[in-house]
Amino acid sequence: MRTMLALLSLMVAARVSVVQSQVDYYGRLGVTFSTKLLRDDLIQEIETRQNLAPTLALGVSLPIAPTYTAGLEGTITSAGYYSEEQDLKTDLGTLRTGSLILNLAGPIIPRLDWRAGAGVIHYWPADEQGIFLRGGPTRFLVGAGVDYRSSLLTSLDLMVSLRYDWHRFTTDELEARNFSGSQGVQRLSASVGLSRARP
Amino acid sequence: MKLAWYLPILPILATAGAGLSCADIASPSRSQPYEWRRVVTTGPTTADTLSFHWPRSRLPVRIWTQDTLNLPQHVDYGIAQWKAAFLYREFDALQVADSNAADVIVSAGVALKGGFSVMRLPSRAPECEGGTEIDLPAGSRQIQAPIRVFLNPRFAPGEPGVDECLKLTATHELGHALGIFNHSPDAGDIMYSDPVVAVLSERDRDTAERAYHIVPNLTVSDR
């Protein structure tokens, strides 16, 4: 029995070691552009938008087939948001988002990979007021993008990424005020970072 | 297994495309506002409709409150109620320690100031009364700051209902101070002339939003 357990432990340890050697991880910094969060008609048209947002992305992935990997990518953005009515802009404070996407990735050409997946996005307003009076929403998200990698050091690659994602936005406050439906929000981000060098 | 590289992305793009084709979020009708503007007679057959809201450049509105009868707490409650009525930071207010720097002064007592230029907007809840005095000199289009709000208990402050009455009347009078110059005809609204509810109704909210999205014809003087 002891021998079997020892053998099993060795096998698990060996498997973990193999998996560790295959894990790809990366971190990037960049900016994210978002389309409008809301369009309201109150005498005049009012749009609510987020400013260009500094972005931090962290991800990890594992090979699941000879050329494909499955991964998890988390992204945090933080920027001001505002309403615009005719030419009048009103600063509404700071809005942070956090997204988590399970994705699949594969090669397009050497050094250039595609990535696509689905996950969730959560909004964290700095102040719970206005459209976020009842808190920030969590919404379903789909996204895709490309990653370009270039060898930088023996253990690190330079990674340049473009991402597009899409979700539908509304809040509990907007629903309580009888806004119907939700707003399609598209985000486009560009970022640069480092990833573990590929063997 | 080797798929064409673009195949896994296609479902994502299809989902996004389907989503993009959906209608945008739709605004509510906001069809229930009551008349908030003040109609004043200017001649035998003529009238003028006066409207006001605090300009964004004056926000947050500075409110000084006399420290008696829990008035500061009641005013805080009223400010929170009115701030929550808006989606786009149209209104904001805070309490200040120096009455000399205040845009609105809230005191205990009955409205005292009289005269032609003062627009009085009273309310009479059962256990207390309130009044708002807006100083608009004859022929002028500029309100003279500060706007004065008075809150007065009709019974001893400890009597049942007095504190609650002061709270809802403070919210009602702040409604006048932020630009709702008329009373609602509906008892379910905080701006009903004899207010009995302590929270803003949908009509109160719709009215305040509308008041802050039309161009007013009155301004307010500096302090």
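The loop between strand 5 (69-85) and strand 6 of chain A holds A:Gln86, and the backbone does something a little unusual there. In this predicted model, A:Gln86 takes a positive phi of about 50° even though it is not a glycine. As for its surroundings, A:Gln86 counts as exposed because just 8 other C-beta atoms fall within 10 Å, against a cut-off for exposure of 12 or fewer.

Chain A offers another case of this kind. A:Ile43, again a residue other than glycine, has a positive phi near 65°. A:Ile43 sits in the loop between strand 2 and strand 3 of chain A. With 13 other C-beta atoms within 10 Å, A:Ile43 comes out as partly exposed, since the exposed class stops at 12 and the buried class starts at 20.

Strands 2 and 3 of chain A also turn up where the chains meet. The contact draws 37 residues from chain A and 30 residues from chain B. On the chain A side, the elements giving two or more residues are strand 2 (38-42), strand 3 (44-50), strand 6 (88-109), strand 7 (112-125), strand 8 (138-151), strand 9 (156-169) and strand 10 (183-196). Strand 6 of chain A puts in the largest share, six residues. Sorted by class, the side of chain A that touches chain B is made up of 17 nonpolar, 15 polar and five charged residues.

Over in chain B, the backbone has its own quirks, this time at prolines. B:Leu59 and B:Pro60 are joined by a cis peptide bond, with omega at about -5°. B:Pro60 belongs to the loop between strand 2 (47-50) and strand 3 (61-65) of chain B. A cis bond also runs from B:Ala145 to B:Pro146, where omega is near 5°. Here the proline is not in a loop: B:Pro146 is part of strand 8 (residues 142-153) of chain B.

Further along chain B comes helix 3 (residues 162-177), a run of 16 residues. From first C-alpha to last, helix 3 of chain B reaches 22 Å, close to the 22 Å expected at 1.5 Å a residue. Helix 3 of chain B is mostly covered, with 14 of its 16 residues buried. In an α-helix there are 3.6 residues a turn, so residues three or four places apart point the same way. After helix 3 of chain B comes B:Gly179, which has a positive phi near 130°.

Notes. Residues are numbered from 1 along each chain as its sequence is written. Chains are lettered from A and ligands numbered from 1 in the order in which they are written. This is a predicted model: local features need pLDDT of at least 70, side-chain atom pairs count only at pLDDT 80 or more; totals for chains, interfaces and linings use all residues. Two residues are in contact if their C-beta atoms, placed from the backbone, lie within 7 Å. Helices (H or I, at least four residues) and strands (E, at least two) are DSSP runs, numbered from the N terminus. Ala, Val, Leu, Ile, Met, Phe, Trp, Tyr, Cys and Pro count as nonpolar, Asp, Glu, Lys and Arg as charged, and the others, Gly among them, as polar. The expected span of a helix is 1.5 Å times one less than its number of residues.
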